[in-house]
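Welcome! Take a moment to turn the structure around before reading on, and then let this report walk you through it.

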Amino acid sequence: MSFPEGFLWGGAVAANQIEGAWREGGKGWSVADVATYKPDADVRDYKTHVSVSSDSIKRAMEESDCTYYPKRRGIDFYHRYKEDLALFAEMGFKVFRLSIAWTRLYPTGEEEEPNKEGLDFYENIFKEMRRLGIEPLVTLSHYEMPLLLSLKYNGWTDGRVIDCFVRFCQTCFKHYGQYVKYWLNFNEVDSIIRHSFITAGIIPDRCGEKSELSCCYQALHHQFVAAALVTKMCHELISGSKMGCMLTKLMTYPRTCAPEDVAATQKKNLENMFYSDVMVFGEYPKMILRDLEKRGINISMEPGDLEILKEGTVDFVSFSYYMSMTESVDPNAERTPGNTVLGVKNPYLESSEWGWQIDPVGLRISLIELYDRYKKPLFIVENGIGSKDILEPDGTVHDAYRIDYFRKHFQEMEKAIDDGVELMGYTSWAPIDLISASTNQMSKRYGFIYVDQDDLGGGSLKRIKKDSFYWYRKVIETNGKDMS
Ligand code: BG6
């Protein structure tokens with residue numbers, strides 16, 4: 001058993017969680033700039049935690065301070081990217097997944113021409129990566145759409161946003177096609193149902209007659225159409241390019257073998273994969289359409305939309321995997337939080353400090369399930385554990401729990417590869433500590449590299465190598481042969 005030659009080992013981040021410099025280089029407002037730090041929020045209720053209103057956005061826009069808006073400051077990657085890339089190169093990264101902030105290129109989302117400073121910023125990053133021999137994997141949309149499109153059109157609920165996004169992507173392909181071969185369209189496209197504002201700029205109090213859920217499905221349809229259009233365009237503009245979809249793999253097991261639990265679980269898993277189904281097969285699954293109809297949700301489609309979906313299918317399937325959960329029809333079953341979801345607790349699994357259930361075998365099951373279903377190469381583009389690491393007085397960070405988490409997941413990946421799964425690569429989330437997407441905390445640390453910053457922005461921002469840094473370097477160096 002071994003990882004294939006040329007296996008793409010690396011790490012993944014998103015612009016809004018690392019860059020900072022929210023008002024530099026001509027950048028416009030993005031939805032991430034109004035995301036607030038809420039230390040007291042109940043993590044079991046993400047929906048309330050991430051909800052916004054027209055009023056809360058207005059208040060955030062009047063506030064120029066960053067203290068309670070951590071994504072505005074990130075970890076200052078904007079100014080320190082050379083140092084950070086050098087550390088990734090030192091770990092031996094073959095690939096680095098990053099996103100391009102739409103608002104650096106198109107500050108409002110509607111300009112005719114891109115902002116030169118923004119264009120140069122990413123070009124410099126790609127040049128540096130080329131120099132270091134690191135392959136870029138670029139996400140076109142990762143929770144950072146222009147806030148002004150959200151305010152003007154209620155985000156992706158309006159089909160005009162498709163044109164804005166296509167223009168942005170065309171610019172990316174034309175300018176960066178010489179550096180970037182691997183692309184992802186929408187990060188965790190399924191997440192729109194869980195946090196409609198950060199994924200699609202939907203402000204619930206602007207949905208009018210429609211329910212927020214109906215708005216979500218309409219916006220989702222627009223994202224599917226946009227994804228298909230830019231996939232086709234990417235193939236036309238960059239020869240040999242590969243476009244992937246990106247799914248939150250929410251692995252769900254039945255809590256018991258009672259047929260009702262199994263049926264409820266089947267429904268959950270089918271719903272989870274519906275998003276990648278559309279992007280891989282180029283059509284909506286009939287049972288999902290039937291289910292929407294039964295729930296009174298009507299998606300309005302333009303003539304030609306279904307043909308567009310057919311013509312723009314993806315080349316590979318990427319996904320994030322952090323945890324698994326179970327499902328039960330018992331209303332009293334004990335629940336536990338996962339990645340922006342609430343699931344039923346699995347008595348066989350341990351959990352992270354945030355309650356996410358750690359399940360390496362679930363990663364193998366996911367790989368086999370997705371490969372069997374899609375028969376496309378797979379790419380794990382997020383996987384990792386958030387924890388409260390301790391910086392010792394001597395400047396070290398001993399994160400044996402992180403090493404243990406990764407080792408067990410890598411062993412399961414190896415088994416899936418041995419079973420015949422075609423796995424292109426693996427990017428951990430995140431190679432360097434950054435601002436958490438769901439809680440906006442800095443203290444929820446994922447990195448191999450510690451960043452000296454606290455939740456309210458205090459600290460030197462110094463980068464410090466954790467024990468896991470040296471361990472991951474060895475794993476990459478031996479292409480997974482040495483995980484000791
Ligand atoms: C994924 C997102 O869902 O989970 C990332 O794509 C996010 O942006 C990651 O950071 C981990 O979640 P969190 O909330 O712990 O940052």
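The tour below goes from the strands to the open and closed spaces, and then to the charged side chains.

## The barrel

Please keep in mind that this is a predicted model. A good place to begin is the barrel, which 8 strands close in the order E1-E2-E3-E4-E5-E7-E13-E14. The pairing in this barrel is parallel, and from one strand to the next the twist averages 25°.

Let us look at strand E1, which covers residues 8–12. Is it buried or exposed? E1 is mostly covered, with 5 of its 5 residues buried. That holds for both faces: Leu8, Gly10 and Ala12 are buried on one side, and Trp9 and Gly11 are buried on the other.

E1 has a neighbour in strand E14 (residues 423–429), and the two pair in the parallel sense over 5 bridges. You can find this pairing at Ala12, whose bridge partner in E14 is Trp429. E1 is also joined to strand E2 (residues 95–99), again running parallel, by 3 bridges. Here Gly10 stands opposite Val95 of E2.

Elsewhere in the barrel, E5 pairs with strand E7 (residues 316–320) in the parallel sense, over 5 bridges. To locate this pair, look for Leu247, which stands opposite Phe319 in E7.

## The largest pocket

Next come the spaces. The largest pocket holds about 710 Å³ of space. It is lined by 29 residues, and those closest to its centre are Ile193, Arg194, Lys268, Glu271 and Val341.

Which helix gives the largest share of this lining? That is H11, with 7 residues. Helix H11 spans 259–281, and at least two lining residues each come from H11, helix H2 (46–50), helix H10 (212–237), helix H12 (286–294) and strand E8 (324–327). Sorted by class, the lining of the largest pocket has 14 nonpolar, 3 polar and 12 charged residues.

## Two of the cavities

A search of the whole structure also finds 5 cavities of 30 Å³ or more. The largest cavity contains about 200 Å³ of space. Of its 19 lining residues, Tyr322, Asn339, Trp356, Glu382 and Ala437 are the closest to the centre. The lining of this largest cavity has 6 nonpolar, 9 polar and 4 charged residues.

About 90 Å³ of space lies in the second largest cavity. Its lining has 15 residues, and the closest to its centre are Ala15, Asn16, Lys27, Asp33 and Lys71. Helix H1 (15–18) and helix H5 (102–105) each give at least two residues to this lining. By class, the lining of the second largest cavity divides into 4 nonpolar, 4 polar and 7 charged residues.

## Salt bridges

How many salt bridges does a search of the whole structure find? There are 30. Here are some of them, with the distance between nitrogen and oxygen:

| Pair | N to O distance |
|---|---|
| Lys27 and Asp33 | 2.9 Å |
| Asp120 and Lys116 | 2.7 Å |
| Glu369 and Lys249 | 3.1 Å |

Lys27 and Asp33 are already familiar as two of the residues closest to the centre of the second largest cavity. Why do both partners count as buried? The cut-off is under 20% relative accessible area. Lys27 is buried because its relative accessible area is 14%, and Asp33 counts as buried because its relative accessibility is 2%.

Asp120 and Lys116 share helix H6 (residues 116–132), where they lie 4 residues apart, about one turn of the helix. Asp120 counts as partly exposed, with 28% relative accessibility, while Lys116 counts as exposed at 57%.

The salt bridge between Glu369 and Lys249 links distant parts of the chain, 120 residues apart. Glu369 belongs to helix H14 (residues 360–374), whereas Lys249 sits in the loop between strand E5 (242–248) and strand E6 (251–254). Glu369 is partly exposed, with a relative accessible area of 25%, and Lys249 is buried, with a relative accessible area of 1%.

Finally, salt bridges can be followed through a network that links Asp389, Asp399, Arg402, Asp433, Arg445 and Lys466.

Methods. Residues numbered from 1 in each chain as written. Predicted model: local features only at pLDDT ≥ 70, side-chain atom pairs only at ≥ 80, totals over all residues. Heavy atoms only, no water. Buried < 20%, exposed > 50% of the residue type's maximum accessible area, 1.4 Å probe, protein only. Pairing = 2+ DSSP bridges. 1 Å grid on protein atoms, 1.4 Å probe; cavity = no way out; pocket = protein on both sides within 12 Å on 5 of 7 lines; lining within 4 Å. Points joined across faces, edges and corners; volume = space filled by probe spheres on them. Nonpolar A, V, L, I, M, F, W, Y, C, P; charged D, E, K, R; others polar. Salt bridge = Lys/Arg side-chain N within 4 Å of Asp/Glu carboxyl O. Axes fitted to C-alpha atoms, helices over the stretch in contact; angles between N-to-C directions.
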